[in-house]
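Let's take a walk through the empty spaces of this one, closed and open alike.

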Amino acid sequence: MKADLSELTPIVERVVRASPLSVRVKAIALEAGEDLDGVEFIRVMLSVTDPDGLKWHQIAPTVREIEDAVGDYDDRFPSIRFAEAA
Amino acid sequence: MAAFHDELLAAAEQLLRRDGGRRGRLPDARVRRSISTAYYALFHFLLDAAAQTIVGTYHPRQTRRRIFMRLFTHTGMLTTLNKIKGRRIDQGVSAFLHLQGDAVPFAAPPFARDVAAAFADAQTKRQDADYDRMSEFLAADAEALVARVRSAITAWQAARSAADRDFKQALLLLMLQKGTLRKDA
């Protein structure tokens, strides 16, 4: 099961908008990736303000919700990473 | 003596430590090594769990356990864990993972889903951290991953009911089979 990234982006946006992270996330970008063993995954880049202040226990529910929401439409794992918002 | 996975997690955390409260960006190599080390902490934790469950904990069997661990592969473990990480267990393995007569739940127990998602997260990031210089990581990525791996291991260790132990054993056996069962089983 594989969806188009343009279909998955609004799903990630919906989860982020409804989360406590919403005020810090300034941009969301999805990119297809493949590891050396040929396993496909999706890089989900969240550009946030003050990324150094992020703690796992604060972001865990949002990360898990994105993983589940994307998993409903796509077998590729959404690997969530952070970038410093410009 | 600390378990090997604990030593690896401590090393992953040490790589992210800033001396004397210094601020600023950590060297990229330290962030990448921390991500890679966090992945290997979870990898070796699962290998130890499999060896202790399947070979046994009797001390003189240590060599047998270490030889046994070499049977597992990164991809086989990922394939297995991908089948339980979502909201529903993959239908192809659900009968194997549950006891006969039990109501078959849609989802794996939360501790197992946590480990499965942490493993997929750690493996994708570890591959990029080790091999793809185009992928950028912040210290926040590594800190979150180390904390996620630690939390997943703690949840796994705390799950000790008879049903939890049974699910773990079946999952570890499935991991040995690289996540694939014979279709006529």
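For residue classes, Ala, Val, Leu, Ile, Met, Phe, Trp, Tyr, Cys and Pro count as nonpolar, Asp, Glu, Lys and Arg as charged, and the others, Gly among them, as polar. The model is predicted, so local features need pLDDT of at least 70 and side-chain atom pairs pLDDT 80 or more, while totals for chains, interfaces and linings use all residues. Residues are numbered from 1 along each chain as written, chains are lettered from A in the order written, and side-chain values use heavy atoms, without hydrogens and water.

Start with the cavities: on a 1 Å grid over the protein atoms alone, these are sets of points where a 1.4 Å probe fits but cannot get out, and lining residues have an atom within 4 Å of a point. The largest has a volume of about 60 Å³, meaning the space filled by probe spheres set on points joined across faces, edges and corners. Its lining has seven nonpolar, no polar and five charged residues, among them Trp56(A), Phe82(A) and Arg148(B).

The second largest cavity, at about 40 Å³, is also lined by Trp56(A) and Arg148(B), along with residues including Arg64(A) and Ser151(B). Its lining divides into four nonpolar, one polar and three charged.

Now the pockets, open sets with protein on both sides within 12 Å along at least five of seven lines. The largest holds about 720 Å³. Of its 25 lining residues, Ala3(B), Asp48(B), Ala49(B), Gln52(B) and Met69(B) are closest to the centre. The second largest pocket holds about 620 Å³, and its lining has seven nonpolar, four polar and 15 charged residues.
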